[in-house]
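This report looks at a set of charged side chains and how they pair. The structure is shown below.

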Amino acid sequence: PPKKRPTTRPKSVTSPTDDIHGNLPPGTPEQTVSREGCSAPEVIVNGSLIPDSTTDFSTVQEIHFVGLIGRRGQKRECKIQCLNGVWVGPMCTEGGNPIKRIMRRCMLRLTDAELNGVTDENRLIPPDVEVSLPHDTEVRFRCVEPGLYKFVGNDTLLCDDGSWTSDLPYCVATTMHRNFSLEAPPTILYHVVSGDAGLAENGSIVVFPGTIINVDCLFQRHFGNPQWMWTSTQRQYPSAWAIPAEEKNWKFRLSIYYAKDSDSGTFTCVTPHDISNEINIVVKDVHCPAIKSVDHNRVMAVEGNKMHSKARFACIEGFELVGPEEITCQASGQWSDDAPRCEVLKCPPLVSESKHLIVSTRNRTYGTRVVFSCPTGFKLSGAPFLNCLKTANWSDATPTCNPISCRPPVVPVNGRVLDTGRFLAGDFVQYTCNAGHVIVGESVAICTDHGVWSQPPPKCKAACEFPGEPSNGKVIPTKFHYDIGEVVMVGCHTGYRILGFQRLQCTSSSHWSSPLPHCRPYLIQS
């Protein structure tokens, strides 16, 4: 059923004998069909069972639903029907035909490690794993190494409504694997003297026309002479014990000279104990199709397109090969794989720990140069640019943007610094001096984008502050601060006289030598 769509599955389902209307095959006793209600069917959603105990199905006779049916998962209208208190079905439409019962799937497990199975959709059956195959699936079998094992059984099985049309075939070890036992089928090996031959997917030995090939039946000579038999009727084939000393006592050889199409057929070796093994030979001029050269970034060297010819591939600089570097023309007349393609080489996406990093381009193909920068207040740490190399790697690690900061400011002697506690680019600090001292230098400094303060730290120098002016008087000279030892003179306006010391001197303690005098008016006596 489609995902996320509830699909009914009956708790107990029976298969109707012929159809859902109760038509029975000939000879079957007639049964009474009652309309006894059925319990709630199970519902499976995404593989999980969803119980339904709230809906009453006692009066429901049919349930219709949509199912994914067949080998291609086609949507079909399906139904189950309540008969005699049991859900019957499911039954589905097929190609516009009336609703009928779904054909069951077949289970298959290959426990024989030497047996190879391939479906009619070229799906390889994995060894020792139980697989479920749809109705009407055809599976072809052969031994993994024809000649080294004897194939016993039908080479093709068909799934027919949950059952296979015959028993599973199997492979029997031959004399080479069983210490030349007289009970074992003889091993059959082949050797190409000149020309070419190869193993096809169906287990046949494909022989190129004009080839000279020896086919050896492995059997101990002192137990008697085996016999070669063949299905071809066009000519006879010489057979005898091999001539080389190291082979003459265990290889009974049949030779095919300058093979022709008419030599195709089954060659069987029968031992004196009437135990046989066989191989199938197909004489065929095998050529693989020409490889299309539509990729202008690909370079290929092709030996040819005959069987076992190889084609090798590479890409021009800046591109990488996607697919095999080498393919071979197989006995089936097809290349062992599709020709590869060349894709532009790309370096991995740049990943930065800094969210402030500015990248000049997002292109990451071969030869690209990426330049990095940072916003105001940040400095680049690492390489200022990266190149995408032909190894599909960047030339260096990705840089980062780190905040620019200045060293903590130096606190002047007899002074202090007013700051916020951080010293990043753009932040400023203010210097002040303690009482009795004056600042020499700039009182404000800014942290620049170079990570240094805009002004050197000032100094606090001992001094006297302006003593003030008396009413109706003045101080000469007038300044904000006075150096140690400096003298000021206090004078009064006309009509006023000074009361106190006229001369004040700034002492080393940053205090004036005397208090500020007063100006008093002259008294006029009458």
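## Lysine 251 and glutamate 247

In this predicted model, lysine 251 has a relative accessibility of 12% and therefore counts as buried, the cut-off being under 20%. Its salt-bridge partner is glutamate 247, with 3.4 Å between the closest N and O atoms. Glutamate 247 has a relative accessible area of 16%, so this residue is buried as well.

## Arginine 253 and its two partners

Glutamate 247 also forms a salt bridge with arginine 253, at 2.9 Å from N to O. Both of these residues are buried.

Arginine 253 pairs with aspartate 216 too, and here the closest N and O atoms are 2.6 Å apart. Arginine 253 belongs to strand β23 (residues 251-256) and aspartate 216 to strand β20 (residues 212-218), so their salt bridge ties together parts that are 37 residues apart in sequence. Aspartate 216 is buried, as is arginine 253.

## The network

What do the shared partners produce? Asp216, Glu247, Lys251 and Arg253 are joined into one network by salt bridges that share partners. Glutamate 247 takes part through its contacts with lysine 251 and arginine 253, and arginine 253 carries the connection on to aspartate 216.

As general background, side chains of opposite charge can pair when their charged atoms come close.

## Whole structure

How many salt bridges does a search of the whole structure find? The search gives 15, among them the aspartate 216 to arginine 253 pair.

Notes: Residues numbered from 1 in each chain as written. Predicted model: local features only at pLDDT ≥ 70, side-chain atom pairs only at ≥ 80, totals over all residues. Heavy atoms only, no water. Salt bridge = Lys/Arg side-chain N within 4 Å of Asp/Glu carboxyl O. Helix = DSSP H or I, 4+ residues; strand = E, 2+ residues; numbered from the N terminus. Buried < 20%, exposed > 50% of the residue type's maximum accessible area, 1.4 Å probe, protein only.
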